[in-house]
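Biologist: Could you take me through one part of this model at close range, namely the central sheet and above all one strand inside it? I would then like to hear which side-chain contacts appear elsewhere in the chain.

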Amino acid sequence: MNYEEFTTILNRHIFQSEREDLLRTMAGHPERFIGLFRPSKPKGKIFQHILQAREIKFGDAMEEIIAKWLEHYGYQRLDNRIQVNDETMKCDHYALSPDGSFAVLIEQKIRDDHDSSKARGQWRENFAPKVRALHRKHGENLFAVTYFIDPTFRKNLRLYSQEAEQLRSELGLPTIHIWYGRELFENLPFANPKDWDSMIEWLQEWRRRLPELPEVNWETEEAIAELQEIARRNPSLWEKLARQEQLWREGYLSVLFPTGKGLHAILKTLEEQSSKKYQKAANALRDRLR
């Protein structure tokens with residue numbers, strides 16, 4: 001992996017569909033934004049939603065990045081949907097070692113900052129059942145890891161260590177681990193600690209280039225072109241959004257389209273299509289813009 005591939009993964013997960021995702025949430029779940037009993041105004045609430053979504057998507061991006069490192073080391077990805085008793089569960093990473101001598105399960109999180117009850121529940125209801133199921137398949141040839149990328153948060157290390165020791169004793173499996181940050185690259189067979197150093201450098205450079213806050217004025221040429229393409233692909237989204245009266249009344253659309261020219265460009269795009277679904281969306285948006 002190199003810096004370009006690393007940043008491509010991050011940018012694709014975090015930014016590629018950001019505008020469309022926000023519109024979908026506003027149209028489908030306006031209750032997440034509107035209402036008197038909120039401490040923030042529309043612009044602040046939009047910022048909050050975008051930034052929270054970025055945190056979640058960052059976790060998804062880092063999951064793909066760790067998968068790429070495993071692939072680079074020669075690990076062979078296995079079907080990550082496994083049968084646990086009567087339930088199908090999805091593993092973050094489930095792979096066969098490069099030499100085929102063991103399997104690895106890695107359940108990955110960004111940081112260890114949950115309260116103890118949630119951490120215990122995650123271990124007992126998610127990680128431990130997967131380990132037991134895969135132990136029945138692989139026996140002692142299993143590496144099982146709960147992995148936190150951010151090494152600065154170790155809130156529940158003592159709890160996890162106790163749970164891990166109990167599970168090791170129950171299964172007779174010593175290779176159950178709690179690892180943070182660099183430890184995965186230091187301790188996982190076939191991995192290389194220097195790759196952690198590279199990833200930290202790349203992440204620092206990527207963060208340095210980020211703007212302080214998201215751009216929420218969607219009337220630039222680039223933004224309007226993207227929104228017109230969304231209108232061509234999904235006219236019903238604009239119809240649904242046009243019918244969310246309280247979002248308009250509280251000023252959420254005015255934040256995104258302060259002059260209205262972006263909305264009129266989207267309306268024109270809808271009007272240019274002849275099929276009924278486009279005209280229905282155009283009528284709803286036209287009524288809103290009068």
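Modeller: The sheet is open and has five strands in the order β1-β4-β5-β6-β7, with mixed pairing. Its edge strands are β1 (76-77) and β7 (176-180), each of which pairs on one side only. Please keep in mind that this is a predicted model.

The strand I would look at closely is β6, residues 142-148, which runs parallel to β5, residues 103-109, and is joined to that strand by seven bridges. Two of the residue pairs can be named: V104 has F143 as its bridge partner in β6, and I106 stands opposite V145. Between these two strands the chain passes through helix α4 (residues 116-138), and the resulting β-α-β crossover is right-handed. On to β7, the pairing is again parallel, with five bridges joining β6 to that strand. Here V145 stands opposite H177, so that V145 faces I106 in β5 as well as H177 in β7. A right-handed β-α-β unit is made by β6, helix α5 (residues 157-171) and β7.

How much of β6 is covered, and which way do its side chains point? Seven of its seven residues are buried. In a regular strand the side chains alternate between the two faces of the sheet. In β6, L142, A144, T146 and F148 point one way, while F143, V145 and Y147 point the other way, and all of them are buried.

Turning from the sheet to the aromatic rings, a search of the whole structure finds 18 aromatic pairs. One of them joins F33 and Y252 in an edge-to-face arrangement, with 5.8 Å from centre to centre and 75 degrees between the planes. Because F33 belongs to the loop between α2 (18-28) and α3 (42-73), whereas Y252 belongs to helix α11 (residues 252-256), this pair ties together parts that are 219 residues apart in sequence. F33 has a relative accessible area of 0% and is therefore buried, and Y252 is likewise buried, with a value of 1%.

Another edge-to-face pair is that of Y75 and F102, for which the centres are 6.2 Å apart and the planes are at 70 degrees. This contact links distant parts of the chain, 27 residues apart: Y75 is in the loop between α3 and β1, and F102 is in the loop between β4 (93-96) and β5. Y75 counts as buried at 5% relative accessibility, and F102 is buried with a relative accessible area of 11%. Ring pairs also link F6, W69, Y73, F185, W196 and W202 into a cluster. A contact of another kind involves R111, whose charged end sits over the ring of F153 at 5.7 Å from its centre.

As for the charged side chains, a search of the whole structure finds 25 salt bridges. In the one between R19 and E226, the closest N and O atoms are 2.5 Å apart. R19 lies in helix α2 and E226 in helix α8 (residues 221-233), so this salt bridge ties together parts that are 207 residues apart in sequence. R19 is buried, with a relative accessible area of 14%, whereas E226 counts as partly exposed at 22% relative accessibility. Together with E222, these residues are linked in a network of salt bridges, which thus consists of R19, E222 and E226.

Helix α2 also contributes D21, which forms a salt bridge with K57 in helix α3 and so ties together parts that are 36 residues apart in sequence. The closest N and O atoms of D21 and K57 are 2.7 Å apart. D21 counts as partly exposed at 27% relative accessibility, while K57 counts as buried at 14%. A further salt bridge is the one in which the side chains of E239 and R243 meet, at 3.3 Å from N to O, and E239 counts as buried at 13% relative accessibility.

Technical notes. Residues are numbered from 1 along each chain as its sequence is written. This is a predicted model: local features need pLDDT of at least 70, side-chain atom pairs count only at pLDDT 80 or more; totals for chains, interfaces and linings use all residues. Side-chain values use heavy atoms; hydrogens and water are left out. Two strands pair if DSSP finds at least two bridges between them. Helices (H or I, at least four residues) and strands (E, at least two) are DSSP runs, numbered from the N terminus. Rings of Phe, Tyr and Trp (its six-membered ring) pair if their centres lie within 6.5 Å; planes under 30 degrees apart count as stacked, over 60 as edge-to-face and the rest as tilted. Buried means under 20% relative accessible area, exposed over 50%, partly exposed in between (1.4 Å probe, protein chains only). A charge sits over a ring if NZ of Lys or CZ of Arg is within 6 Å of the ring centre and within 35 degrees of the ring normal. A crossover is right-handed if, with the strands pointing away from the viewer, the path from the first strand over the helix to the second runs clockwise. A salt bridge is a side-chain nitrogen of Lys or Arg within 4 Å of a carboxyl oxygen of Asp or Glu.
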